[in-house]
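Trainee: Could you take one part of this model and walk me through it up close? I'd like the residues, their partners and the cut-offs behind the words.

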Amino acid sequence: MDNSFLLQTQFLHKQNFGDNNQGLLNGNIGIAIFLYHVSRVIQNSGTEEMADNLLDKIFASLATTAPSDFGNGLAGIGWGIEYLVQNGFAECNTDEILDEVDTKVYKTLCDENLNSFELTNGLTGYLVYLNARLRNNCDPQAMACRINKELLIHTINKLDEIVSSQFPSIIKEMYFDLFWRFPLMLYALTQSYQLDIYNQKIEQMIKQWILYFEAYIPSLHINRVFMALVLNHVNAIFPNKRIEKQVQVLLFATNFDEIAFEFDPHNDGIRYGWSGAVWVLYMAKKQLSPDSINYPLILKTYNEYLIRFKSKLDAIKTLNIDSSPTNNYGISEGVSGIGLMELFWPDVFGVRDSFS
């Protein structure tokens, strides 16, 4: 059995990782999710105990004075708690536990003039939170469920108001970001669609945006692959010949030799670094049709990066690395992010040993 996950948890324990950031993408709730998944895979009670202690710390310090955003604030913490409960890692009534978080998110969405749809601190993050809250099999007549449904509708309407005017910025993006707002916003809307609450509106928005999908080609070549990937996903739910064609246009317009210059090869984190770029290519390899334009180049580039970054990955897996200068062990920039990628997609960084 590959023992790299056990090594990673031991590394986290030695670093005394639990700090005052309880957030999802850079803090303790994200690390706890990683530890719970590892404990389930390797059947290690010590790892589960580490996760339990970290979750206790999160509950003890959960305060509505914290920011409400998804990246480091209450929406992300609330999403993390819902995720743990819905996946059987924790037991609690989330409508009770997250009552004050719901209130803070409600006030933020209703009182603040949010013009951003970033995942970390904008409308997309709040939409992801609401999607999770409404997937918890809540009583449709319960107050929390009714309010969150109204908030979901409000958030989708707000996205409809602001997104169209920001499509031109696609051609101005100058660095790779796995949390890039356009694909993540589209993916979040497809998750909202599965809830069957505001489907006619979502369908209308997607149709309205097809013109913008066609008009604006991302400046970064890795983002062209990323956008092709998410449009392929959108097209599977909202079949449209123009969207299908745009997937191929984006792949045709991609210069795969340029991708190597569009992310930081020295950054191991999934958000801005090589591991995130490898994931985009891996998902394109898995989800796009082999008949797609430039599909052989997707495979070629992905395999080249596996070879190029093998020593870095081996160093991370054997923990022959120094701790991050920022002591960030979370999902966005730290060990937990790469670890979760390997847990969810075991062959993302090449063939690995079975867990069993």
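**The loop between α12 and α13**

Mentor: Let's come in from a partner of the loop: Y305 is buried, with a relative accessible area of 4% (buried means under 20%, exposed over 50%, partly exposed in between, using a 1.4 Å probe and protein chains only). Before we go on, this is a predicted model: local features need pLDDT of at least 70, side-chain atom pairs count only at pLDDT 80 or more, and totals for chains, interfaces and linings use all residues. Residues are numbered from 1 along each chain as its sequence is written, and side-chain values use heavy atoms, with hydrogens and water left out.

Now the rings. The structure holds 20 aromatic pairs (rings of Phe, Tyr and Trp, the last by its six-membered ring, pair if their centres lie within 6.5 Å; planes under 30 degrees apart count as stacked, over 60 as edge-to-face and the rest as tilted). One of the 20 pairs is F263 with Y305: the ring centres are 5.6 Å apart and the planes sit at 70 degrees, so it's edge-to-face. F263 is in the loop between α12 (241-252) and α13 (274-287), while Y305 is in helix α14 (residues 295-308), so we're looking at a link between distant parts of the chain, 42 residues apart (helices are DSSP runs of H or I with at least four residues, strands are E runs of at least two, and both are numbered from the N terminus). F263 is buried too, at a relative accessible area of 6%. F263 also pairs with F309, with centres 6.1 Å apart and planes at 55 degrees, so this pair is tilted. That pair again links distant parts of the chain, 46 residues apart, with F309 in the loop between α14 and α15 (310-318). F309 is buried, as is F263.

Further along the loop between α12 and α13 you meet N267. At 17% relative accessibility, N267 counts as buried. Leaving out residues up to four places away in sequence, N267 touches Y272, G273, W274 and E333 (contact means heavy atoms within 4.5 Å).

On to the charges. A search of the whole structure turns up 10 salt bridges (a side-chain nitrogen of Lys or Arg within 4 Å of a carboxyl oxygen of Asp or Glu). The side chains of D268 and K312 meet in one, at 3.4 Å from N to O. D268 belongs to our loop and K312 to helix α15, 44 residues apart, so to speak of distant parts of the chain is fair. D268 counts as partly exposed at 25% relative accessibility, and K312 is partly exposed with a relative accessible area of 25%. R271 forms a salt bridge with D177, their closest N and O atoms being 2.9 Å apart. D177 lies in the loop between α8 (143-162) and α9 (181-194) and R271 in the loop between α12 and α13, so this pair ties together parts that are 94 residues apart in sequence. Both D177 and R271 are buried.

For context, the protein chain has 16 helices and zero strands. Buried residues make up 54% of its 356 residues. Among contacts with a separation of 6 or more, 71% join residues 24 or more positions apart.
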